[in-house]
Amino acid sequence: MIRLPEARGSRLAPLTGMSAEALHLWSIPLRAGKSQVAQLRAVLSASEREKADSFLLEAQTVRYTICRGAVRQILAEYLQLSPNQLALTTGEFGKPLLEHRDSIWFNVSHSGDLAVLAVSTIGEVGVDIEQVRQIRGLSRMIDRCLAPYERPEVLRLPSAEQDRQFLRYWTHKEAYLKTFGVGIRRPLEKLEIDLSAPPARRVIDHGDRSAQERSASITEFCPAEGYVGAISVCGSIPAEIAAQAWVGGRFRAQRVG
Ligand SMILES: CC(C)(COP(=O)(O)OP(=O)(O)OC[C@H]1O[C@@H](n2cnc3c(N)ncnc32)[C@H](O)[C@@H]1OP(=O)(O)O)[C@@H](O)C(=O)NCCC(=O)NCCS
């Protein structure tokens with residue numbers, strides 16, 4: 001299981017470039033002091049600042065600003081640009097995309113005080129993380145979101161473990177759908193996952209998927225203590241995924257299997 005590095009305590013390392021077929025995962029803690037938030041706000045585009053200001057709660061504005069500012073800083077390093085030069089656009093259903101780039105892809109997920117950015121040179125990528133927590137109306141969620149074959153895989157567990165197992169299915173499904181930019185508009189109970197299968201066969205194929213969808217592989221990772229996460233890519237998951245941390249505008253890198 002891939003584990004993302006702790007935000008604190010590891011050696012600072014420079015950001016490395018990406019090889020031909022690489023997948024990188026970045027953890028981004030969504031807490032920062034006022035001056036740092038102001039610095040990150042300065043790298044946002046006008047429409048991103050407008051979005052940041054549209055949240056009802058100040059805490060949401062801060063989290064969005066840190067996340068989008070960090071995403072810009074990290075992607076800018078890869079592309080050797082300054083963060084506010086980065087041209088971002090959105091797909092039909094809101095997936096943020098790099099404009100005029102067809103060889104590097106990214107996706108973001110956040111939960112609680114943590115965000116994860118996935119960067120890929122393999123193909124389109126989707127990521128989802130969830131803080132493990134008690135899920136309100138779990139049995140209704142199981143019926144609505146899990147395929148008939150998946151439901152007993154949650155229900156057979158002691159109740160203390162059911163939330164986590166449900167969230168493992170959830171993150172797989174969401175990461176997979178985010179890969180294609182459609183989010184969770186599709187009925188989740190129609191998407192069947194085998195959590196014990198190798199990455200290329202985790203989605204059980206009923207023969208009704210497009211060629212692009214059939215090319216996707218999914219694997220799990222541990223974003224932090226108390227979280228579950230899944231990453232999906234159009235293509236093969238490489239044997240090695242680089243797990244890295246962004247902390248206060250600086251980059252920490254470490255290779256994990
Ligand atoms: C995308 C979606 C799955 C997000 O789910 P979530 O669990 O709330 O959030 P996550 O933290 O995992 O992901 C959010 C991030 O995914 C990215 N994202 C947004 N839309 C996306 C899409 N269609 N596909 C892939 N990624 C998307 C964004 O970076 C977003 O973060 P940001 O807003 O801070 O930039 C969900 O909103 C969805 O299904 N959208 C589909 C479009 C839709 O129905 N929109 C109506 C919303 S009112």
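A polar contact is taken here as a pair of N or O atoms within 3.5 Å; within protein, one must be able to donate a hydrogen and the other to accept it, and residues adjacent in sequence count only if both atoms are side-chain atoms. One such pair joins an oxygen atom of the ligand to an N or O atom in the side chain of Glu174, at 3.0 Å. The model is predicted, with local features requiring pLDDT of at least 70 and side-chain atom pairs pLDDT 80 or more, while totals for chains, interfaces and linings use all residues. Residues are numbered from 1 along each chain as its sequence is written, and side-chain values use heavy atoms, without hydrogens and water.

Two further residues approach ligand oxygen atoms: a polar side-chain atom of Arg68 lies 2.9 Å from one, and a backbone N or O atom of Val108 lies 3.3 Å from one. The protein covers 66% of the 890 Å² of accessible area that the ligand has on its own (Shrake-Rupley method, 1.4 Å probe; for residues, only the protein chains shown count as cover).

Turning to the fold, an open sheet of four strands follows the order E1-E8-E9-E7, with mixed pairing (strands are DSSP runs of E, at least two residues, and helices runs of H or I, at least four, numbered from the N terminus; two strands pair if DSSP finds at least two bridges between them). Strands E1 (2–3) and E7 (125–131) are at the edges with a single partner strand each, so one side of each has no neighbour in the sheet. Strands E8 (residues 216–222) and E9 (residues 227–234) run antiparallel, joined by six bridges, and Thr219 stands opposite Ile231 in E9.
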